[in-house]
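Visitor: I would like a close look at a single part of this model. Please take the binding site.

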Amino acid sequence: MRKKGFIFDLDGVIVDTAKYHFIAWRNLANSIDIDFTELQNEQLKGVSRVKSLEKILKWGGKEISENQFSNLMQQKNEDYLSHIDKMDNQEILPDVCKVLDFLIKEKHGIALGSASKNARMILEKVNLIHQFEVIVDGNDVTKGKPNPEVFLNAAKELNIHTNNCIVFEDSVAGIQAANTANMISIGIGDATVLHEADYIFNDFTEIEISFIKELIKE
Ligand code: BG6
Ligand code: MG
């Protein structure tokens, strides 16, 4: 059996922080008189903070100065962090640890591949930081998802060929990044949204260990 690399996205895959990003972006958009829907939020999943704000301003038809832009970025992050502040390991999504523990026991490579600059802090808060051999986050890349840089870097650091890597993702941008990287993509969430993924599950409770064993065999 060849060692595989399993690369996990963070927000919306390991923890339900996607809902906090949504609340903070909606608060921000509304504060500058821009409407913000769940459908629009779907397009921001996996997308960096800068690119997300650019999209919101475009949707709202607003042009602002560089200074206002950086103030809004800070406002969004402070709002987001006020939710993160209260997090602990209770917020790890159901059965994520079941899969992680199995992969650790079987000695596969485990990496985080997240667009978030807050990723390390969140992993520490939920007490999972030591489970990850490699962490690539928003501080380590120049091109965000759907560019595959984050996953390619993770595979390189794990020292595992991209063909032997498997990505768990809840965002369209992330699934596209995994596919472009020639990795197996596993969508976590709505099948109609994540239809480009190789496999799709609503959440980790639907992922049987027998499925993981089949993936490892390939
Ligand atoms: C991604 C989220 O994981 O990280 C996006 O899906 C978020 O919604 C992006 O914008 C950047 O996160 P942060 O924590 O650096 O603002
Ligand atoms: Mg995500």
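How far is an oxygen atom of ligand 1 from an N or O atom in the side chain of D11?

Guide: The distance from the ligand 1 oxygen to the D11 side-chain atom is 2.6 Å. First, the ground rules. This is a predicted model: local features need pLDDT of at least 70, side-chain atom pairs count only at pLDDT 80 or more, and totals for chains, interfaces and linings use all residues. Residues are numbered from 1 along each chain as its sequence is written, chains are lettered from A and ligands numbered from 1 in the order in which they are written, and side-chain values use heavy atoms, with hydrogens and water left out.

D11 has company. A polar side-chain atom of S116 also lies 2.6 Å from an oxygen atom of ligand 1. V47 uses its backbone: an N or O atom there is 2.8 Å from a ligand 1 oxygen. Each is a polar contact (a pair of N or O atoms within 3.5 Å). The protein buries 97% of the 390 Å² that ligand 1 exposes when taken alone (accessible areas by the Shrake-Rupley method, 1.4 Å probe).

Now the shell. It holds 14 residues, and D11, R49, S116, K117 and N118 come nearest (near means a heavy atom within 4 Å). By class, 4 are nonpolar, 6 polar and 4 charged. Two domains contribute: domain 1 (5-16 + 90-217) and domain 2 (18-84) each supply at least three residues of the shell around ligand 1. The domain bounds come from an automatic or database domain assignment.

Notes:
A polar contact is a pair of N or O atoms within 3.5 Å; within protein, one must be able to donate a hydrogen and the other to accept it, and residues adjacent in sequence count only if both atoms are side-chain atoms. Ala, Val, Leu, Ile, Met, Phe, Trp, Tyr, Cys and Pro count as nonpolar, Asp, Glu, Lys and Arg as charged, and the others, Gly among them, as polar.
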